[in-house]
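Visitor: Could you take me through the salt bridges here, one pair at a time?

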Number of protein chains: 2
Amino acid sequence: MEAAIKTLIAQFKTYADGQDGPASTLSKDEFKSLVIAQLPNLVKNANEPGVIDQLMGSQDADKNGELTFAEFWDLIGKLASKEGGFSQ
Amino acid sequence: MEAAIKTLIAQFKTYADGQDGPASTLSKDEFKSLVIAQLPNLVKNANEPGVIDQLMGSQDADKNGELTFAEFWDLIGKLASKEGGFSQ
């Protein structure tokens, strides 16, 4: 389990330290790159207009256009909960 | 990333479907088994009195002595956030 958790942390950091904005948060473009590359099955229509905005909007609690690790983790939790068949 | 998420789901299910209580939630004993076996570095003192109670109490929002997947995911998120050096 710890290896899996470390993978999620490392991948978040890789994309957060990407194209723009602070290295500790995901900009919309960084988030889109992550979703398309890393979550092709959990988020099937990432390229469709509005999907990334809707996903990000639902998580960006402080509406600053950046996803913190906590906001990102919360989003992944919702996807995992659905994937695992747990009621939300 | 998806493989890591699936690992966390599968491990949760393995321990939740363990000793007692509903197969979709972790009882205190199941949670303790998971923490000791799966999170030896993220939770170093799991065997010390009160550690599991404190961890579980902080997450068991509905205080029913069982951790749902969402409550579990939230806890792992806090551990991951600390591990990743993100401010909590």
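Guide: Here is a walk through the salt bridges, with a short stop at the core.

This is a predicted model, where local features need pLDDT of at least 70, side-chain atom pairs count only at pLDDT 80 or more, and totals for chains, interfaces and linings use all residues. Residues are numbered from 1 along each chain as its sequence is written, chains are lettered from A and ligands numbered from 1 in the order in which they are written, and side-chain values use heavy atoms, leaving out hydrogens and water.

A salt bridge here is a side-chain nitrogen of Lys or Arg within 4 Å of a carboxyl oxygen of Asp or Glu, and by that rule there are six over all chains. Take A:K28 and A:D53: their closest N and O atoms sit 2.7 Å apart. That pair links distant parts of the chain, with A:K28 in helix α2 and A:D53 in helix α3 of chain A, 25 residues apart (helices are DSSP runs of H or I, at least four residues, numbered from the N terminus). A:K28 is partly exposed at 41% relative accessible area (partly exposed lies between buried, under 20%, and exposed, over 50%, with a 1.4 Å probe and protein chains only), and A:D53 is partly exposed at 41% too.

Over in chain B, B:D53 and B:K28 form a salt bridge at 2.6 Å between the closest N and O atoms. B:D53 belongs to helix α3 and B:K28 to helix α2 of chain B.

A:E83 and B:K6 also pair up, N to O at 3.8 Å, and this bridge crosses between chains, from helix α4 of chain A to helix α1 of chain B.

As for the largest nonpolar core (buried Ala, Val, Leu, Ile, Met, Phe, Trp, Tyr and Cys residues joined through side-chain atoms within 4.5 Å), it has 58 residues.

Methods: Helix = DSSP H or I, 4+ residues; strand = E, 2+ residues; numbered from the N terminus.
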